[in-house]
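Student: Before we discuss this model, could you explain the terms on which its description rests?

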Amino acid sequence: MKLALIGIGQAGGKVVDAIVDYERRTNTGFVVDAIAVNTARSDLRGLRNIPESRQVLVGLTRVKGHGVGADNELGAEVTAEDVGEVLSMVDDLPVHEIDAFLVVAGLGGGTGSGGAPVVARELKHIYTEPVYGLGVLPARDEGGIYTLNAARSFQTFVREVDNLIVFDNDAWRKTGESLEAGYGSINAELARRLGVLFSAGEGDGSGAVAESVVDASEIINTLASGGISTIGYASVELDRPKRGLLSRLSGGAADAEDGGDSTNRITSLVRRAALGRLTLPCEISGAERGLVVVAGPPDVLSRRGIERARTWLEDETGTMEIRGGDYPVGSNFVAAVVLLSGVYDVPRVKELQAVAIETQRDMLAKRESSAASLDDLISTGDDRIEPLF
Ligand code: GDP
(Lines give C-alpha, C1' and ligand atoms only; values in the text may rest on other atoms or scores of the structure.)
Protein backbone atom coordinates (compact mmCIF):
# COMPACT_ATOMS: atom_id res chain seq x y z
CA MET A 1 0.00 0.00 0.00
CA LYS A 2 1.45 3.35 -1.02
CA LEU A 3 1.43 6.04 1.65
CA ALA A 4 2.13 9.74 1.91
CA LEU A 5 3.41 10.39 5.43
CA ILE A 6 2.94 13.69 7.22
CA GLY A 7 4.66 14.04 10.59
CA ILE A 8 3.59 16.97 12.74
CA GLY A 9 5.55 18.20 15.76
CA GLN A 10 8.69 16.61 17.14
CA ALA A 11 7.37 13.10 17.77
CA GLY A 12 5.46 13.13 14.47
CA GLY A 13 8.59 14.08 12.54
CA LYS A 14 10.79 11.55 14.32
CA VAL A 15 8.36 8.67 13.88
CA VAL A 16 7.97 9.48 10.17
CA ASP A 17 11.79 9.68 9.93
CA ALA A 18 11.98 6.18 11.44
CA ILE A 19 9.36 4.80 9.03
CA VAL A 20 11.26 6.21 6.04
CA ASP A 21 14.46 4.72 7.44
CA TYR A 22 12.77 1.30 7.70
CA GLU A 23 11.42 1.58 4.17
CA ARG A 24 14.83 2.42 2.73
CA ARG A 25 16.62 -0.36 4.61
CA THR A 26 14.09 -2.96 3.50
CA ASN A 27 13.66 -1.56 0.00
CA THR A 28 9.89 -1.99 0.28
CA GLY A 29 8.73 1.13 -1.54
CA PHE A 30 5.52 1.73 0.43
CA VAL A 31 6.33 5.39 1.16
CA VAL A 32 5.62 7.65 -1.80
CA ASP A 33 6.85 10.71 0.07
CA ALA A 34 7.16 12.16 3.55
CA ILE A 35 6.62 15.67 4.88
CA ALA A 36 7.49 17.13 8.29
CA VAL A 37 5.57 20.08 9.78
CA ASN A 38 6.70 21.93 12.89
CA THR A 39 6.66 25.25 14.73
CA ALA A 40 10.20 24.64 16.04
CA ARG A 41 13.07 25.07 13.62
CA SER A 42 15.49 23.03 15.74
CA ASP A 43 13.21 19.95 15.69
CA LEU A 44 13.16 19.99 11.89
CA ARG A 45 16.96 20.19 11.75
CA GLY A 46 17.23 16.90 13.63
CA LEU A 47 15.46 14.87 10.93
CA ARG A 48 17.71 12.62 8.91
CA ASN A 49 15.44 11.24 6.21
CA ILE A 50 13.14 14.15 5.44
CA PRO A 51 15.02 16.76 3.41
CA GLU A 52 14.53 20.50 3.91
CA SER A 53 12.53 20.63 0.69
CA ARG A 54 9.91 18.48 2.44
CA GLN A 55 9.79 20.48 5.68
CA VAL A 56 7.26 23.17 6.57
CA LEU A 57 7.82 25.62 9.40
CA VAL A 58 4.40 26.94 10.47
CA GLY A 59 3.56 29.83 12.81
CA LEU A 60 6.77 31.69 12.02
CA THR A 61 5.26 35.13 12.51
CA ARG A 62 3.66 34.15 15.82
CA VAL A 63 6.28 31.94 17.51
CA LYS A 64 9.42 32.82 15.52
CA GLY A 65 10.46 29.21 14.96
CA HIS A 66 10.68 28.45 18.70
CA GLY A 67 7.76 26.03 19.10
CA VAL A 68 4.49 26.45 20.98
CA GLY A 69 5.62 25.19 24.39
CA ALA A 70 3.11 22.35 24.81
CA ASP A 71 0.19 24.73 24.14
CA ASN A 72 -1.93 22.66 21.78
CA GLU A 73 -4.57 25.35 21.26
CA LEU A 74 -1.79 27.55 19.90
CA GLY A 75 -0.50 24.55 17.90
CA ALA A 76 -3.92 24.16 16.28
CA GLU A 77 -4.24 27.92 15.64
CA VAL A 78 -0.91 28.45 13.94
CA THR A 79 -1.24 25.27 11.89
CA ALA A 80 -4.68 26.40 10.71
CA GLU A 81 -3.29 29.83 9.76
CA ASP A 82 -0.47 28.32 7.68
CA VAL A 83 -2.15 25.12 6.50
CA GLY A 84 -2.02 26.43 2.92
CA GLU A 85 1.76 25.90 2.94
CA VAL A 86 1.33 22.28 4.03
CA LEU A 87 -1.33 21.68 1.39
CA SER A 88 0.72 23.16 -1.40
CA MET A 89 3.58 20.82 -0.51
CA VAL A 90 1.13 17.88 -0.56
CA ASP A 91 -0.07 19.14 -3.92
CA ASP A 92 3.48 18.69 -5.26
CA LEU A 93 3.38 14.96 -4.41
CA PRO A 94 2.27 12.44 -7.04
CA VAL A 95 -1.12 11.99 -5.35
CA HIS A 96 -2.32 9.60 -8.10
CA GLU A 97 0.24 7.08 -6.76
CA ILE A 98 -0.99 7.34 -3.18
CA ASP A 99 -3.45 4.88 -1.63
CA ALA A 100 -3.75 6.78 1.65
CA PHE A 101 -2.36 9.55 3.84
CA LEU A 102 -0.94 8.86 7.29
CA VAL A 103 -0.79 11.87 9.62
CA VAL A 104 1.51 11.21 12.59
CA ALA A 105 1.82 13.11 15.89
CA GLY A 106 2.54 12.81 19.59
CA LEU A 107 -0.73 13.84 21.25
CA GLY A 108 0.74 15.09 24.54
CA GLY A 109 2.68 18.09 23.22
CA GLY A 110 1.62 21.28 21.44
CA THR A 111 2.36 21.36 17.72
CA GLY A 112 1.45 17.78 16.79
CA SER A 113 -1.34 17.56 19.33
CA GLY A 114 -3.06 20.67 17.98
CA GLY A 115 -1.84 20.61 14.39
CA ALA A 116 -2.47 17.00 13.38
CA PRO A 117 -6.29 17.17 13.55
CA VAL A 118 -6.19 20.42 11.55
CA VAL A 119 -4.08 18.92 8.76
CA ALA A 120 -6.17 15.72 8.70
CA ARG A 121 -9.39 17.75 8.37
CA GLU A 122 -8.01 19.74 5.42
CA LEU A 123 -6.69 16.62 3.64
CA LYS A 124 -10.04 14.88 4.00
CA HIS A 125 -11.75 17.93 2.63
CA ILE A 126 -9.62 18.02 -0.52
CA TYR A 127 -8.67 14.41 -1.33
CA THR A 128 -10.75 11.29 -1.84
CA GLU A 129 -8.00 8.97 -0.55
CA PRO A 130 -8.43 7.83 3.06
CA VAL A 131 -6.68 9.86 5.73
CA TYR A 132 -5.39 7.80 8.66
CA GLY A 133 -3.92 9.10 11.87
CA LEU A 134 -1.16 7.69 14.01
CA GLY A 135 -1.43 9.18 17.49
CA VAL A 136 1.18 8.64 20.21
CA LEU A 137 -0.12 8.79 23.79
CA PRO A 138 2.21 10.21 26.47
CA ALA A 139 3.59 7.99 29.22
CA ARG A 140 1.83 8.21 32.59
CA ASP A 141 4.76 9.94 34.29
CA GLU A 142 4.84 12.82 31.81
CA GLY A 143 2.32 14.63 34.00
CA GLY A 144 -1.10 16.25 33.94
CA ILE A 145 -0.71 18.84 31.20
CA TYR A 146 0.55 16.24 28.69
CA THR A 147 -2.31 13.96 29.64
CA LEU A 148 -4.87 16.75 29.26
CA ASN A 149 -3.39 17.73 25.89
CA ALA A 150 -3.53 14.11 24.75
CA ALA A 151 -7.13 13.61 25.86
CA ARG A 152 -8.27 16.75 24.04
CA SER A 153 -6.32 15.97 20.89
CA PHE A 154 -7.38 12.31 20.87
CA GLN A 155 -11.05 13.31 20.93
CA THR A 156 -10.57 15.78 18.08
CA PHE A 157 -8.15 13.74 15.94
CA VAL A 158 -10.30 10.58 15.92
CA ARG A 159 -13.19 12.59 14.45
CA GLU A 160 -11.06 14.04 11.66
CA VAL A 161 -9.49 10.81 10.34
CA ASP A 162 -10.84 7.65 8.74
CA ASN A 163 -9.10 5.60 11.40
CA LEU A 164 -6.75 6.43 14.25
CA ILE A 165 -3.96 3.94 14.93
CA VAL A 166 -2.83 4.51 18.51
CA PHE A 167 0.56 3.92 20.09
CA ASP A 168 0.90 4.20 23.86
CA ASN A 169 4.37 5.31 24.97
CA ASP A 170 3.53 4.10 28.46
CA ALA A 171 3.28 0.49 27.38
CA TRP A 172 6.60 0.73 25.55
CA ARG A 173 8.97 2.75 27.68
CA LYS A 174 11.96 0.91 29.01
CA THR A 175 13.51 1.60 32.35
CA GLY A 176 17.15 2.56 32.57
CA GLU A 177 17.33 4.18 29.15
CA SER A 178 17.73 7.87 28.44
CA LEU A 179 14.64 9.49 26.96
CA GLU A 180 16.32 9.96 23.57
CA ALA A 181 17.73 6.42 23.32
CA GLY A 182 14.38 5.12 24.55
CA TYR A 183 12.46 6.98 21.85
CA GLY A 184 14.94 5.79 19.23
CA SER A 185 14.24 2.14 19.92
CA ILE A 186 10.49 2.70 20.45
CA ASN A 187 10.26 4.51 17.11
CA ALA A 188 12.13 1.71 15.35
CA GLU A 189 9.72 -0.87 16.83
CA LEU A 190 6.74 1.17 15.72
CA ALA A 191 8.23 1.64 12.24
CA ARG A 192 8.75 -2.11 11.89
CA ARG A 193 5.11 -2.88 12.74
CA LEU A 194 3.79 -0.26 10.35
CA GLY A 195 6.38 -1.25 7.75
CA VAL A 196 5.42 -4.92 7.64
CA LEU A 197 1.74 -4.02 7.58
CA PHE A 198 1.82 -1.36 4.89
CA SER A 199 4.47 -2.93 2.69
CA ALA A 200 2.51 -6.18 2.40
CA GLY A 201 1.50 -6.38 -1.22
CA GLU A 202 4.32 -4.08 -2.33
CA GLY A 203 6.97 -6.86 -2.27
CA ASP A 204 10.54 -6.52 -1.06
CA GLY A 205 12.19 -6.27 -4.44
CA SER A 206 13.14 -9.98 -4.50
CA GLY A 207 10.41 -10.83 -7.02
CA ALA A 208 8.73 -13.39 -4.75
CA VAL A 209 4.98 -13.67 -5.29
CA ALA A 210 2.46 -14.04 -2.46
CA GLU A 211 -0.03 -16.90 -2.45
CA SER A 212 -2.80 -14.87 -0.92
CA VAL A 213 -1.81 -11.26 -1.33
CA VAL A 214 -2.70 -8.55 1.13
CA ASP A 215 -3.35 -5.64 -1.16
CA ALA A 216 -4.17 -2.04 -0.40
CA SER A 217 -7.92 -2.65 -0.54
CA GLU A 218 -7.60 -5.29 2.18
CA ILE A 219 -5.93 -2.81 4.52
CA ILE A 220 -8.37 -0.04 3.57
CA ASN A 221 -11.36 -2.32 4.23
CA THR A 222 -9.99 -3.33 7.60
CA LEU A 223 -9.48 0.29 8.60
CA ALA A 224 -12.89 1.25 7.22
CA SER A 225 -14.50 0.37 10.56
CA GLY A 226 -13.33 3.82 11.67
CA GLY A 227 -12.55 4.57 15.32
CA ILE A 228 -9.39 3.30 16.95
CA SER A 229 -6.90 0.63 15.88
CA THR A 230 -4.07 -1.23 17.52
CA ILE A 231 -1.29 -3.37 16.07
CA GLY A 232 0.36 -6.53 17.41
CA TYR A 233 3.58 -8.10 16.19
CA ALA A 234 5.67 -11.20 16.78
CA SER A 235 8.61 -12.69 14.93
CA VAL A 236 10.82 -15.74 15.07
CA GLU A 237 14.19 -16.48 13.51
CA LEU A 238 14.29 -19.65 11.44
CA ASP A 239 16.70 -22.26 12.65
CA ARG A 240 18.45 -22.97 9.38
CA PRO A 241 21.18 -21.56 7.17
CA LYS A 242 20.03 -18.61 5.09
CA ARG A 243 18.82 -19.88 1.74
CA GLY A 244 19.53 -18.38 -1.64
CA LEU A 245 17.06 -16.38 -3.65
CA LEU A 246 16.24 -19.33 -5.93
CA SER A 247 14.94 -21.51 -3.12
CA ARG A 248 13.04 -18.52 -1.75
CA LEU A 249 11.34 -17.96 -5.05
CA SER A 250 10.44 -21.61 -5.42
CA GLY A 251 8.32 -21.42 -2.19
CA GLY A 252 4.68 -22.15 -1.62
CA ALA A 253 5.03 -25.79 -0.65
CA ALA A 254 5.32 -25.22 3.08
CA ASP A 255 2.34 -27.36 4.02
CA ALA A 256 3.44 -30.43 2.10
CA GLU A 257 7.11 -30.16 2.99
CA ASP A 258 7.47 -30.03 6.73
CA GLY A 259 4.64 -32.08 8.16
CA GLY A 260 2.84 -29.18 9.82
CA ASP A 261 5.78 -27.32 11.40
CA SER A 262 5.10 -24.24 9.29
CA THR A 263 1.39 -24.38 10.12
CA ASN A 264 2.08 -24.52 13.85
CA ARG A 265 4.74 -21.86 13.68
CA ILE A 266 2.35 -19.45 12.02
CA THR A 267 -0.61 -20.10 14.32
CA SER A 268 1.58 -19.66 17.39
CA LEU A 269 3.16 -16.47 15.95
CA VAL A 270 -0.24 -14.92 15.28
CA ARG A 271 -1.41 -15.79 18.80
CA ARG A 272 1.70 -14.15 20.23
CA ALA A 273 1.14 -11.07 18.07
CA ALA A 274 -2.51 -10.65 19.10
CA LEU A 275 -2.12 -11.54 22.79
CA GLY A 276 1.27 -9.92 23.37
CA ARG A 277 2.08 -6.23 23.61
CA LEU A 278 -0.14 -4.21 21.30
CA THR A 279 0.69 -0.65 20.22
CA LEU A 280 -2.38 0.28 22.30
CA PRO A 281 -3.09 -2.36 24.95
CA CYS A 282 -6.78 -3.23 24.90
CA GLU A 283 -9.31 -6.02 25.11
CA ILE A 284 -9.30 -7.64 21.68
CA SER A 285 -12.68 -9.32 21.99
CA GLY A 286 -15.23 -7.02 20.47
CA ALA A 287 -12.86 -5.60 17.83
CA GLU A 288 -14.84 -4.86 14.69
CA ARG A 289 -12.34 -5.98 12.07
CA GLY A 290 -8.94 -7.59 11.86
CA LEU A 291 -6.13 -8.26 9.43
CA VAL A 292 -3.38 -10.86 9.75
CA VAL A 293 -0.21 -10.49 7.69
CA VAL A 294 2.45 -13.17 7.85
CA ALA A 295 5.80 -12.23 6.33
CA GLY A 296 8.69 -14.55 5.68
CA PRO A 297 10.41 -16.74 3.09
CA PRO A 298 7.74 -18.31 0.84
CA ASP A 299 8.79 -21.89 1.57
CA VAL A 300 7.66 -21.53 5.18
CA LEU A 301 4.56 -19.41 4.59
CA SER A 302 1.94 -22.02 5.22
CA ARG A 303 -1.42 -21.19 3.76
CA ARG A 304 -3.08 -23.60 6.16
CA GLY A 305 -1.32 -21.86 9.05
CA ILE A 306 -2.66 -18.47 8.00
CA GLU A 307 -6.17 -19.89 7.58
CA ARG A 308 -6.02 -21.47 11.07
CA ALA A 309 -4.69 -18.26 12.55
CA ARG A 310 -7.52 -16.31 10.94
CA THR A 311 -10.11 -18.69 12.36
CA TRP A 312 -8.50 -18.48 15.80
CA LEU A 313 -8.63 -14.65 15.64
CA GLU A 314 -12.29 -14.80 14.59
CA ASP A 315 -13.08 -16.80 17.72
CA GLU A 316 -10.94 -14.59 19.93
CA THR A 317 -12.44 -11.29 18.70
CA GLY A 318 -15.94 -12.52 17.96
CA THR A 319 -15.97 -10.96 14.49
CA MET A 320 -16.12 -12.71 11.14
CA GLU A 321 -14.38 -9.80 9.44
CA ILE A 322 -10.83 -11.05 9.77
CA ARG A 323 -8.77 -10.75 6.62
CA GLY A 324 -5.43 -12.43 6.10
CA GLY A 325 -2.60 -13.05 3.72
CA ASP A 326 1.06 -13.74 3.28
CA TYR A 327 3.93 -11.48 2.39
CA PRO A 328 6.95 -13.27 0.94
CA VAL A 329 10.24 -11.64 1.82
CA GLY A 330 13.86 -12.68 1.50
CA SER A 331 14.66 -13.06 5.17
CA ASN A 332 15.55 -15.64 7.76
CA PHE A 333 12.69 -14.44 9.97
CA VAL A 334 8.97 -15.11 9.97
CA ALA A 335 6.88 -12.24 11.34
CA ALA A 336 3.18 -11.83 12.02
CA VAL A 337 1.38 -8.50 12.20
CA VAL A 338 -2.17 -8.32 13.52
CA LEU A 339 -4.13 -5.14 12.90
CA LEU A 340 -7.29 -4.82 15.01
CA SER A 341 -9.57 -2.05 14.01
CA GLY A 342 -12.63 -0.69 15.80
CA VAL A 343 -11.52 -1.58 19.32
CA TYR A 344 -13.69 -0.16 22.08
CA ASP A 345 -12.64 -1.76 25.32
CA VAL A 346 -9.57 0.36 26.04
CA PRO A 347 -8.97 0.97 29.77
CA ARG A 348 -5.92 3.17 29.02
CA VAL A 349 -8.06 5.73 27.21
CA LYS A 350 -10.58 5.85 30.05
CA GLU A 351 -7.73 6.32 32.54
CA LEU A 352 -6.18 9.07 30.42
CA GLN A 353 -9.53 10.88 30.29
CA ALA A 354 -10.03 10.61 34.07
CA VAL A 355 -6.59 12.14 34.73
CA ALA A 356 -7.29 14.82 32.12
CA ILE A 357 -10.60 15.79 33.77
CA GLU A 358 -8.88 16.00 37.15
CA THR A 359 -6.08 18.14 35.68
CA GLN A 360 -8.54 20.46 33.97
CA ARG A 361 -10.48 20.92 37.20
CA ASP A 362 -7.28 21.62 39.17
CA MET A 363 -6.06 24.11 36.60
CA LEU A 364 -9.32 26.08 36.63
CA ALA A 365 -9.44 26.12 40.42
CA LYS A 366 -5.79 27.19 40.59
CA ARG A 367 -6.36 29.95 38.06
CA GLU A 368 -9.26 31.37 40.13
CA SER A 369 -7.44 31.11 43.44
CA SER A 370 -4.29 32.64 41.94
CA ALA A 371 -6.23 35.65 40.69
CA ALA A 372 -7.73 36.14 44.16
CA SER A 373 -4.32 35.69 45.83
CA LEU A 374 -2.72 38.27 43.54
CA ASP A 375 -5.51 40.77 44.36
CA ASP A 376 -4.85 40.07 48.00
CA LEU A 377 -1.11 40.56 47.65
CA ILE A 378 -1.33 43.80 45.72
CA SER A 379 -4.12 45.37 47.72
CA THR A 380 -3.06 47.57 50.65
CA GLY A 381 -6.52 47.60 52.16
CA ASP A 382 -7.91 50.91 53.35
CA ASP A 383 -4.47 52.56 53.28
CA ARG A 384 -4.54 53.00 49.55
CA ILE A 385 -1.35 53.47 47.56
CA GLU A 386 -2.01 55.20 44.27
CA PRO A 387 -0.77 53.30 41.15
CA LEU A 388 1.25 55.33 38.68
CA PHE A 389 -1.31 55.05 35.90
P1 GDP B 1 5.31 18.88 19.77
O2 GDP B 1 6.61 19.03 19.05
O3 GDP B 1 4.85 20.16 20.41
O4 GDP B 1 4.25 18.28 18.94
O5 GDP B 1 5.53 17.88 21.00
P6 GDP B 1 6.46 16.58 21.03
O7 GDP B 1 6.22 15.83 19.79
O8 GDP B 1 7.87 16.96 21.38
O9 GDP B 1 5.92 15.78 22.28
C10 GDP B 1 4.64 15.25 22.36
C11 GDP B 1 4.67 13.92 23.03
O12 GDP B 1 5.19 13.00 22.12
C13 GDP B 1 5.53 13.78 24.27
O14 GDP B 1 4.77 14.07 25.38
C15 GDP B 1 5.93 12.33 24.24
O16 GDP B 1 4.94 11.53 24.83
C17 GDP B 1 5.93 12.00 22.79
N18 GDP B 1 7.25 11.94 22.11
C19 GDP B 1 8.15 12.92 21.89
N20 GDP B 1 9.16 12.48 21.09
C21 GDP B 1 8.85 11.18 20.79
C22 GDP B 1 9.47 10.18 19.98
O23 GDP B 1 10.51 10.36 19.34
N24 GDP B 1 8.82 8.97 19.92
C25 GDP B 1 7.68 8.70 20.60
N26 GDP B 1 7.14 7.47 20.48
N27 GDP B 1 7.07 9.62 21.34
C28 GDP B 1 7.64 10.83 21.43
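Tutor: Helices and strands are DSSP runs, of at least four residues for a helix and at least two for a strand, numbered from the N terminus. Please note that the model is predicted.

Student: Which helices supply at least two residues of the shell around the ligand?

Tutor: They are helix H1 (9-26), helix H6 (111-126) and helix H9. H1 provides the largest share of this shell, with five residues.

Student: What makes a residue part of the surroundings of the ligand, and which come nearest?

Tutor: The C-beta atom, placed from the backbone, must lie within 6 Å of the molecule. Around the ligand there are 21 such residues, and Gly9, Gly106, Gly108, Gly109 and Gly112 come nearest.

Student: Why is Gly9 counted as polar?

Tutor: The classification places Gly among the polar residues, so Gly9 is counted there. The shell as a whole comprises 11 polar, seven nonpolar and three charged residues.

Student: Where do the two domains lie in the chain?

Tutor: Domain 1 covers 3-199 and domain 2 covers 230-341. Their C-alpha centres are 29 Å apart.

Student: How do you know that residues of the two domains are in contact, and how many does each domain contribute?

Tutor: Two residues are in contact if their C-beta atoms lie within 7 Å. The contact draws 10 residues from domain 1 and 13 residues from domain 2. On the domain 1 side, strand E6 (163-168) and helix H9 (179-199) each supply at least two residues. E6 gives the most, with five residues. That side of domain 1 has seven nonpolar, one polar and two charged residues.

Note on methods:
Residues numbered from 1 in each chain as written. Predicted model: local features only at pLDDT ≥ 70, side-chain atom pairs only at ≥ 80, totals over all residues. Domains from an automatic or database assignment.
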